[in-house]
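Please look over the structure shown below before reading on. The briefing that follows takes up its sheet, its ligands and its salt bridges in turn.

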Amino acid sequence: MTMPTPDDASHFVAADTFGRPLRSLRLSVTDRCNLRCKYCMPEEDYVWLPREDVLTHEEMATLTGYFTDLGVDRVRLTGGEPLLRRDLPRLIRLLVQNRRVMDIALTTNGILLADQAEALFDAGLHRVTVSLDTLRPERFRQLTRRDEYARVMEGIESVARAGFTGLKLDTVAIRGFNDDELVALIEFGKRVQAEVRFIEYMDVGGANEWSQQKVLSRAAMLALLTAHYGTIEPMPERGAAPAQRFLLPDGATFGIIPSTTTPFCATCDRSRVTADGMWYRCLYATAGTDLRKPLRVGASADEMRAVIRAGWEGRRDRGAEDRKALERDGLRVGGLIGIEKLREDPHLEMHARGG
Ligand code: SAM
Ligand code: SF4
Ligand code: SF4
């Protein structure tokens, strides 16, 4: 098989069994986190990936290069908490050198952002998303089990100062927890020049506090917001982007990511590499491909690309749709994976594979 190289005139894009292109890569740069959000890390103690297994910045950039040879043009840095990774700007500088990476974004909980925003911007990071589920410090502490609300606020304020535009705030909407804050979050977003995106609560990884009753659906969110703002107009779809965007009467916009009630698997072009080089083709996948091993034993670029290409071309995953199908038979009752199994394989955790 002749593999594409970065010098090919036309860029090859691998497609999976449903014709979905390989376009978007989420790199989890660490599995560690300085929060313990109940929907993501409900335990206090976790089995961490062994430090010697965690890929170096150079290894991550090299791996990313194989992915971009096969179609990837967007990279999102995530985690765990990506800003806990030492010298993240250095990884960004390496990724910026890859001319096929058109967009480098970061998803962070914001705690360390005020310290690092300028260095991240100078390194060439394009966009920042901060996860923010509540504007009430006490609620924040209750959800995340850490008293870091003030630092998150400082982090959000620092983004525009550092030079970034297009800040996004991602909110997991949970019935009975923050469904009374949707308007306040949109209004806060307007103040800090950010677009808020509400994500439906998912039963992924260690989300063992998940239940169907806690899912605030897109329809319920729109009803709540319409009651406050009046008519809300849907905006035109943007390809494989998971967020559906809406326009408020005053011209402000917000997004909804209806991952649970209306999965977007049919157009999903994203996959994930964990900090130790396991590659998962779906957020819900329980099996992945170890890319660290061949990388470290010196597999050639062609061999690495052949592994990734075969993995993508064989992809059949539609995890969220499969989970939704269980509803019909009343089998969707709790988190995806039990705690014992999660302890055996930390890769199955949301904080390991990056959300
Ligand atoms: N620590 C960083 C942060 O929180 O932004 C990056 C990693 S975190 C796993 C990425 C995203 O996944 C966050 O926006 C988080 O809210 C979301 N997330 C985690 N568990 C979730 C769940 N059960 N349902 C929906 N979103 C979830
Ligand atoms: Fe919360 Fe992100 Fe940490 Fe998960 S990885 S506990 S969502 S801050
Ligand atoms: Fe993509 Fe899997 Fe999420 Fe569906 S569940 S949108 S296939 S990552």
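Which residue of β10 stands opposite leucine 25? In this predicted model, the residue opposite leucine 25 is serine 271 of β10, and the two strands concerned, β1 and β10 (residues 270-273), run parallel and are joined by 4 bridges. The points below begin with the sheet to which these strands belong, and then move to the ligands and the charged pairs.

**The sheet**

- The sheet is an open one made of 12 strands, which follow one another in the order β7-β8-β9-β6-β5-β4-β3-β2-β1-β10-β11-β12, and its pairing is mixed.
- At the edges of this sheet are β7 and β12 (289-290), each of which pairs on one side only.
- The edge strand β7 (residues 233-234) is joined to β8 over 2 bridges in the antiparallel sense, and within this pairing proline 234 has phenylalanine 246 of β8 as its bridge partner.
- On its other pairing, β8 meets strand β9 (residues 253-257), again in the antiparallel sense, over 4 bridges, and here arginine 245 stands opposite glycine 255 of β9.
- The hairpin of β8 and β9 has 5 residues between its strands, and glycine 251 in this hairpin takes a positive phi near 95 degrees.
- Strand β8 (residues 244-247) can also be described by its two faces, since Gln244 and Phe246 lie on a covered face, whereas Arg245 and Leu247 lie on an uncovered one.

**Ligand 1**

- There are 19 residues around ligand 1, and those that come nearest are Tyr39, Gly80, Thr108, Ser131 and Met202.
- Sorted by class, the shell around ligand 1 consists of 8 nonpolar, 9 polar and 2 charged residues.
- The backbone takes part in two of the approaches described here: a polar backbone atom of glycine 80 is 2.9 Å from a nitrogen atom of ligand 1, and a backbone N or O atom of threonine 108 is 3.3 Å from an oxygen atom of the ligand.
- For serine 131 it is a polar side-chain atom that lies 2.5 Å from an oxygen atom of ligand 1.
- Taken on its own, ligand 1 has 540 Å² of accessible area, and the protein covers 95% of this area.

**Ligands 2 and 3**

- Around ligand 2 are the residues Cys33, Leu35, Cys37, Tyr39, Cys40, Met41, Gly80 and Asn109, a shell that divides into 6 nonpolar and 2 polar residues, with no charged ones.
- Tyr39 and Gly80 are thus named in the surroundings of ligand 1 and also in those of ligand 2.
- Ligand 3 is surrounded by Phe264, Cys265, Cys268, Arg272, Cys282, Leu283, Tyr284, Arg315, Asp317, Gly319 and Ala320, and by class this shell has 7 nonpolar, 1 polar and 3 charged residues.

**Salt bridges**

- Across the whole structure, a search finds 28 salt bridges.
- One of them joins aspartate 73 and arginine 23, whose closest N and O atoms are 3.6 Å apart; this pair links distant parts of the chain, 50 residues apart, with aspartate 73 in the loop between α1 (57-69) and β2 (74-78) and arginine 23 in the segment before β1 (24-28).
- Aspartate 73 counts as buried because its relative accessibility is 18%, which falls under the 20% limit, whereas arginine 23, with a relative accessible area of 27%, is partly exposed.
- Arg23 and Asp73 also belong to a network of salt bridges in which they are linked with Arg74 and Asp269.
- Another salt bridge is formed by glutamate 59 and arginine 296, with 2.8 Å between the closest N and O atoms; glutamate 59 is in helix α1 and arginine 296 in helix α8 (residues 292-296), 237 residues apart.
- In this pair glutamate 59 is buried, at 17% relative accessibility, while arginine 296 is partly exposed, at 37%.
- A further salt bridge brings together the side chains of arginine 100 and aspartate 69, at 3.6 Å from N to O; arginine 100 is in the loop between α2 (88-96) and β3 (103-108), and aspartate 69 is in helix α1, 31 residues apart.
- Arginine 100 and aspartate 69 are both buried.

Note on methods:
Residues are numbered from 1 along each chain as its sequence is written. Chains are lettered from A and ligands numbered from 1 in the order in which they are written. This is a predicted model: local features need pLDDT of at least 70, side-chain atom pairs count only at pLDDT 80 or more; totals for chains, interfaces and linings use all residues. Side-chain values use heavy atoms; hydrogens and water are left out. A residue is near a molecule or strand if one of its heavy atoms lies within 4 Å of it. A polar contact is a pair of N or O atoms within 3.5 Å; within protein, one must be able to donate a hydrogen and the other to accept it, and residues adjacent in sequence count only if both atoms are side-chain atoms. Accessible areas come from the Shrake-Rupley method with a 1.4 Å probe; for residues, only the protein chains shown count as cover. Ala, Val, Leu, Ile, Met, Phe, Trp, Tyr, Cys and Pro count as nonpolar, Asp, Glu, Lys and Arg as charged, and the others, Gly among them, as polar. A salt bridge is a side-chain nitrogen of Lys or Arg within 4 Å of a carboxyl oxygen of Asp or Glu. Buried means under 20% relative accessible area, exposed over 50%, partly exposed in between (1.4 Å probe, protein chains only). Two strands pair if DSSP finds at least two bridges between them.
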